[in-house]
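Reader: Could you walk me through this one, starting with a single residue and working outwards to the helix packing?

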Amino acid sequence: MITSDVILSRLLADTPHDAVALHYTGFFSQPGVVAMGEVIRLYLEKHEASFPLRRRLFSTFVEMVQNIMRYSSDSRALCRDNDQLRFGAICVGTRDGRYVCESANLIRSDEAARLTRCLEEILAMDAAEIKAAYKHALQSESPAWSKGAHVGLLTLARDASQPLEFTFRRVESTDLSAFWLKAIL
């Protein structure tokens with residue numbers, strides 16, 4: 001049987017990179033995310049002159065990590081005080097002169113259907129519609145299932161230079177699916 005670790009690693013490995021700034025698979029904690037953010041910040045300071053692109057890529061990284069920390073359904077979640085460390089994977093690198101940010105984590109299969117609908121709606125929008133939906137979401141009440149402001153996917157779509165890519169792979173003998181998300185900037 002293929003384990004969830006292998007599925008998450010394979011999802012990220014399917015995208016070849018010219019250079020990798022950060023690739024991590026494991027438990028996500030707030031201190032760990034801060035350290036990863038510092039690596040990304042330093043990498044961008046050295047390799048990317050454009051401040052607007054650095055801001056958009058850092059924002060993309062943060063949104064993807066927050067999605068893992070809020071929504072990962074991996075049964076191996078670790079608890080410490082009021083914090084729950086969630087399992088997932090993140091990769092930030094370059095491919096053909098563009099930055100690529102990918103994440104992967106396990107979610108319940110019923111969440112895969114909701115996410116598919118949401119992502120397909122976003123993929124059908126143009127840049128102006130994404131911007132309008134983002135502003136509307138900020139002013140609206142968050143849905144009951146949301147653990148944040150419900151603007152993360154819209155933020156990713158707004159900051160990306162190409163349509164978001166995603167896929168789900170069912171994990172055998174479980175009610176989980178591996179969720180892979182890719183943003184190109």
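Author: Let us start with Arg 170, which counts as exposed because its relative accessibility is 53% and the cut-off for exposed is over 50%. Please keep in mind throughout that this is a predicted model.

Reader: Okay, and which element does Arg 170 lie in?

Author: Arg 170 belongs to strand 5, which covers residues 165–170.

Reader: How far is Arg 170 from Ala 112, C-alpha to C-alpha?

Author: Their C-alpha atoms are separated by 9.6 Å, although the two residues are 58 positions apart along the chain. Ala 112 falls within the stretch of helix 4, residues 109–123.

Reader: Staying with helix 4, at what angle does it pack with helix 6?

Author: The angle between helix 4 and helix 6 (residues 152–159) is about 35°, and their axes are 11 Å apart. The crossing of helix 4 past helix 6 is right-handed.

Reader: Which residues make that contact?

Author: On the helix 4 side the contact involves Leu 115, Cys 118, Leu 119 and Ile 122, while helix 6 contributes Leu 153, Leu 154 and Ala 157. By class, the residues of this contact comprise 7 nonpolar, no polar and no charged.

Reader: Switching to helix 2 and helix 3, are they roughly parallel or antiparallel?

Author: The axes of helix 2 (residues 30–47) and helix 3 (residues 51–71) come within 11 Å and cross at roughly 160°. Angles over 145 degrees count as roughly antiparallel, so helix 2 is roughly antiparallel to helix 3. Helix 2 also passes helix 3 in a right-handed crossing.

Reader: And what meets what there, and how do the residues of that contact divide by class?

Author: From helix 2, the residues are Gln 30, Val 33, Met 36, Gly 37, Ile 40, Leu 44 and Glu 45, and they meet Arg 54, Leu 57, Phe 58, Phe 61, Val 65 and Met 69 of helix 3. This contact divides into 9 nonpolar, 2 polar and 2 charged residues.

Reader: Zooming out, how many helices and strands does the protein have, and in what order do the elements run?

Author: There are 6 helices and 6 strands, and the order from the N terminus is α-β-α-α-β-β-β-α-α-α-β-β.

Reader: Last topic: how much of the protein is buried, and what supplies the exposed area?

Author: Of its 185 residues, 45% count as buried. The protein exposes about 9700 Å², with carbon and sulfur atoms supplying 53% of that area. As for the contacts with a separation of 6 or more, 70% of them are between residues 24 or more positions apart.

Terms used. Residues numbered from 1 in each chain as written. Predicted model: local features only at pLDDT ≥ 70, side-chain atom pairs only at ≥ 80, totals over all residues. Heavy atoms only, no water. Helix = DSSP H or I, 4+ residues; strand = E, 2+ residues; numbered from the N terminus. Buried < 20%, exposed > 50% of the residue type's maximum accessible area, 1.4 Å probe, protein only. Contact = heavy atoms within 4.5 Å. Areas by Shrake-Rupley, 256 points an atom, 1.4 Å probe, with all protein chains shown as cover. Axes fitted to C-alpha atoms, helices over the stretch in contact; angles between N-to-C directions. Parallel < 35°, antiparallel > 145°, perpendicular 65-115°, else oblique. Left-handed = near helix turned anticlockwise from the far one by under 90°. Nonpolar A, V, L, I, M, F, W, Y, C, P; charged D, E, K, R; others polar.
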